[in-house]
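The following paragraphs lead the reader through one protein model, beginning with its charged side chains. Please keep the sequence and the structure in view while reading.

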Amino acid sequence: MSSINRVSQLYEQLEKELYSSLLSTLLSNEIVINDGKIVFNTNNTKFFDKEIRSLTTDVKPSVSKIKTELEAAIKSALDKEVIEFTRVDVRATEISKPIINRILKHSNLSVSQGINLDPLFTKIKGRIVALVSKQGGISLQELRDSLQKLIVNKHLVNGYFERWTYDIYNQYRRAGANEIRKKLGLKFAIYEGGEIETTRAHCDKYAGLVLSEKEIEGWKDLPMWNGRPTEGYDPFIDCGGYNCRHRWRWITDGLAAILLEDQGDGPKDLNIEAPAITVTLGNEQRFNEYVNDSEVPELVKNAILKLPIPTEIKSKGLRKGSYYSKSTNSLISETKGGSRVFFHEYGHHIDMHKMRNNSTAEDIQGINSRSINMKDSYSKDLDLIKEKYKGDTLGLIKEYLKTKNLEDYRGLSDIIDSMSSGAFFDTYKMAGHGKRYYKSDKNNKYYESYAQIFEAIARNNKKYLDDIREHFPNMLKFVMDDLNKIANDLP
Amino acid sequence: MIYHKENIEREGVYKAYFEKFGKDPITYGLYWNDLETYESLLAIAIKDNVEYLEEEPETGAVY
C-alpha cells in the first residue's frame, strides 16, 4: 500500500479519535441537562468551547503521525521519480539529490502549515450549538448520533483534507520531476494517468499523448477549463488542475520519436528542440557532412554516437562498388551514391553490430528475439504489400514507382525486390539486388530491408518516409525501436 | 514471397544483351543503387562482344 493511501487511513483514525474524545466529554457532569435535554445556555456554551479547544491536545500525536506519513509519502513519490529518471539517464541519481532535498524542505513546511484542524473544530462547535439551540434542546443520544454522523460517517477530516493532501502530494512530486528533467535536458513527456469517469475533458484529450515542453507550456494560453486554478497555474506542476490524477512522465527524444510517429508525427519534428549533436566519422569530410546535416534526426545521430564507428569509412575499397563488410568492419560508399548510399551502408553497419553484440547466437540470424522480430515485421509487411497490390503485384508497384522520383525510391524498390526474391530487378528491371544476391544468403532480404529503412529514416525526406511508412509500417517501427534502444542504452 | 510473371518481354539494353549472348547478364547486386552505370556496362559488353562480368561479393559483405 502506498504511503498516500496510508494518510487517508490516518485521517479516518483521527475522525474516530475526535468522536471518541467528544463522547468522553459528553459524559461530564459539567453539562447542564434539563429534563434529559441539553439546552443552549452560557454554562454549556463555555463548556463546549473549552472542551473543543482541548481536542487539539488530545489528537496532537495523531496529527503529528499524519504529518510524518504525508512527508514520507512525498519523499517516496520523489524517490520513485528518481528511479524512473535513472532508467532514462544514469546521471539522474546524482543530479536529483540537491533537488530532492530542496523540494522536501519546502514540502515539509507546507505540510506543517497545511494540517490545521481549527476550521474543523469550528464546524463541530457550530453543529453542537445549532443542535442545542433547538426548541427544548437535544438529548444526549441525539447529540452523539449527530456528531457521529458529522465526524465519522461523513468523514469530516478526510473530506476536508483529501483534496489538499492529494494536490500537495502530486504537486511536489511533479515539481521535483520537473526540476530533475530540466537538469537532464529532457524535453518530451507522456501525459500519464489514464482516463476514468470523472476525467476532465481537457485531460481526456491529452491522456497518453506525448507533448513537447513548448506544448505543455502552451496550456497556460488555452481557454479556461473546469478545475484549472484561476491564478498561478503551472501546467508542469498542476497538470489538469485541482485533484488531477495525471502526471508528466519525462522521456528521451528517441522514445518520443517512436511515440510521436504513432501519434502521426515523424522524426523530423524532433529537430525543433533537440540539442545539436556533432558526429565525427573520419577523415573524409563528406561523411561528416552527411551525418551532421540538419535534416538528419537526432535519434539517428544519437544512435551513431552510441555505437563504435566502422574500422574504416572510405569512398573506395579493394573491391568495386559500395558495400559493408562485416568481417573487416569496413564501410565503402562510392562518392556517386551520395548520402543515400552512405546511410544505406551505415544501416548495414548498425544491423551487423547489433547482430554481433546482442547475443552469442546472433551471427546466424534467425535465432534470437531481435531477428525473430525483424522477420516477423518483414512478414507482416509482405502480407500488406500483397493485399495492397493484388494481381500483378510487381507490375502494379512498377507503375506506382514510375510516378515517383526513381532515384529517391531505390530503397523502396529494393525491399520489393527482396520480397520477390530478386525478380523485381531481374525481370522487371527495377532497382534491386537481384535473384543471385537474394539466393546467396536467405537473410539478405532482412539485411537489405533494415539498411533501406535506416536510410529512409536518416535522410528524413518527409514524402519518402511517409511512403515507407505506408508500405512497410512494421519494419519501420522495428528499426525505429532498434535505434531508440541503441540511443538510450536499452537492452 | 511476391509471385510474379516470368515472361516479361525484355526491353532496351537487356533485350540487346539477351539477343547477343543468348542469356541474361550475371549480376550479384553490385549496382542496385546505380542502374545507369549497370546499363552502360551492359552496352559496352554488347559493343565489345565480351560478356558482362561481375565478381561475387566477398564473404561477409553486403551491398
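In this predicted model, a search of the whole structure finds 37 salt bridges over all chains. Three of the pairs are examined below, followed by a network.

In the pair Arg370(A) and Asp351(A), the closest N and O atoms are 2.7 Å apart. This salt bridge links distant parts of the chain, with Arg370(A) in helix 15 (residues 369–388) and Asp351(A) in helix 14 (residues 338–358), 19 residues apart. Are these two residues buried or exposed? Arg370(A) is buried because its relative accessible area is 7%, under the limit of 20%. Asp351(A), at 2%, is buried as well.

Helix 15 of chain A also holds both Lys380(A) and Asp376(A), which are four residues apart, about one turn of the helix. Their side chains meet in a salt bridge with an N to O distance of 3.3 Å. Lys380(A) is partly exposed, with a relative accessible area of 41%, and Asp376(A) is partly exposed at 38%. Salt bridges that share partners also occur: they join Glu81(A), Glu84(A), Arg173(A), Glu192(A), Arg247(A) and Arg249(A) into one network.

A further salt bridge, at 3.4 Å from N to O, connects the side chains of Glu179(A) and Lys182(A). These residues are three positions apart in helix 7 (residues 156–184) of chain A, so about one helical turn separates them. Glu179(A) is partly exposed, with a relative accessible area of 26%; Lys182(A) is partly exposed too, at 47%.

Charge also appears on the surface in another form. Lys123(A), Arg127(A), Lys149(A) and Lys154(A) form a positive surface patch. Of these, Arg127(A) belongs to helix 5 (residues 118–132) of chain A and is partly exposed, with a relative accessible area of 33%.

The backbone deserves attention next. Most residues other than glycine have a negative phi. Asp35(A), although not a glycine, has a positive phi of about 50°. Asp35(A) lies in the loop between strand 1 (33–34) and strand 2 (37–38) of chain A, and is exposed, with a relative accessible area of 81%. Asn243(A), likewise not a glycine, has a positive phi of about 60°. Its loop runs between helix 10 (235–238) and strand 6 (247–251) of chain A, and Asn243(A) is partly exposed at 43%.

Finally, the chain may be viewed as a whole. Chain A has 22 helices and nine strands, and 51% of its 491 residues count as buried. Chain A exposes about 22,600 Å², of which carbon and sulfur atoms supply 50%.

Conventions:
Residues numbered from 1 in each chain as written. Chains lettered and ligands numbered in written order. Predicted model: local features only at pLDDT ≥ 70, side-chain atom pairs only at ≥ 80, totals over all residues. Heavy atoms only, no water. Helix = DSSP H or I, 4+ residues; strand = E, 2+ residues; numbered from the N terminus. Buried < 20%, exposed > 50% of the residue type's maximum accessible area, 1.4 Å probe, protein only. Patch = residues over 30% accessible without salt bridge, like charges linked within 9 Å, V, L, I, M, F, W, Y side chains within 5 Å. Areas by Shrake-Rupley, 256 points an atom, 1.4 Å probe, with all protein chains shown as cover. Salt bridge = Lys/Arg side-chain N within 4 Å of Asp/Glu carboxyl O. Lys, Arg positive; Asp, Glu negative; His and termini not counted. Charge placed at Lys NZ, Arg CZ, Asp CG, Glu CD.
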